[in-house]
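With the structure open in your viewer, please follow this short tour, which moves from one selection to the next and says what is found at each stop.

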Amino acid sequence: MSRLELPDAETQCTELADQIRPRLHPDSVLVGIHSGGVWVARRLHELLGLSSDLGLIDVSFYRDDYGERGLHARVRPSSIPFDVEGRPLILVDDVLYTGRTTRAAINALFDYGRPARIQLAVLADRGQRELPVCADFCPWRVNLEPSLELILSTDEGGRLQWTVAQDA
């Protein structure tokens with residue numbers, strides 16, 4: 001495999017905010033999917049200058065492979081500190097791949113009410129969808145072999161950064 005040139009994730013957050021800003025409604029709220037999506041949602045919340053609360057969602061119990069994979073070792077609490085009913089939501093994740101995490105997040109959100117609309121914002125879309133899901137906002141589309149995993153993390157200074165792992 002040739003070496004993949006990874007973009008600067010912080011620059012991508014700025015690009016993503018620039019894509020979202022013109023389509024943002026006054027009552028729009030961000031909901032980040034644990035854990036990478038929460039990091040991105042926090043950056044976007046700051047870059048967009050939003051005063052609304054930020055939603056955080058863990059989809060562990062909503063995954064369709066829960067029976068096969070079991071419970072993720074690091075389940076985190078969901079926090080939706082606003083009324084979802086009739087509100088435009090922007091669901092935020094780091095990587096869109098099969099679409100299964102997005103589906104699980106949408107199912108989880110409907111437990112809180114029926115939003116007016118849900119849009120999806122991701123830093124990276126790696127294709128190879130298993131479900132009919134697409135991102136409304138995305139600064140980077142990348143093709144990776146299925147054996148590779150695109151991983152978003154934070155460095156010691158709190159900056160977002162990308163790495164690629166084989167069979168992670």
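## From strand to strand

Begin by selecting I33 together with I57, its bridge partner in β2; bear in mind throughout that the model is a predicted one. Widening the selection to residues 29-33 and 55-57 shows strands β1 and β2, which run parallel and are joined by three bridges. To follow the connection between them, add residues 36-47, helix α2, through which the chain crosses from β1 to β2 in a right-handed β-α-β crossover.

Next, keep β1 in view and add residues 88-96, strand β3, which pairs with β1 in the parallel sense over four bridges; within this pairing, V31 has L91 of β3 as its bridge partner.

Now colour β1 by accessibility: is the strand mostly covered or mostly open? Five of its five residues are buried, and the strand is therefore mostly covered, given that buried means under 20% relative accessible area. Turning the strand over shows that both of its faces are covered, with V29, V31 and I33 buried on one side and L30 and G32 buried on the other.

For the last stop, select D125, which lies in strand β4, residues 117-125. D125 counts as buried because its relative accessibility is 9%. Showing side chains brings up a polar contact of 2.9 Å between the side chain of D125 and that of R129. If neighbours within four places in sequence are left aside, D125 is in contact with L96, C138, W140, R141 and V142, and residues 88-96 have already been selected as β3.

Key
Residues are numbered from 1 along each chain as its sequence is written. This is a predicted model: local features need pLDDT of at least 70, side-chain atom pairs count only at pLDDT 80 or more; totals for chains, interfaces and linings use all residues. Side-chain values use heavy atoms; hydrogens and water are left out. Helices (H or I, at least four residues) and strands (E, at least two) are DSSP runs, numbered from the N terminus. Buried means under 20% relative accessible area, exposed over 50%, partly exposed in between (1.4 Å probe, protein chains only). A polar contact is a pair of N or O atoms within 3.5 Å; within protein, one must be able to donate a hydrogen and the other to accept it, and residues adjacent in sequence count only if both atoms are side-chain atoms. Contact means heavy atoms within 4.5 Å. Two strands pair if DSSP finds at least two bridges between them. A crossover is right-handed if, with the strands pointing away from the viewer, the path from the first strand over the helix to the second runs clockwise.
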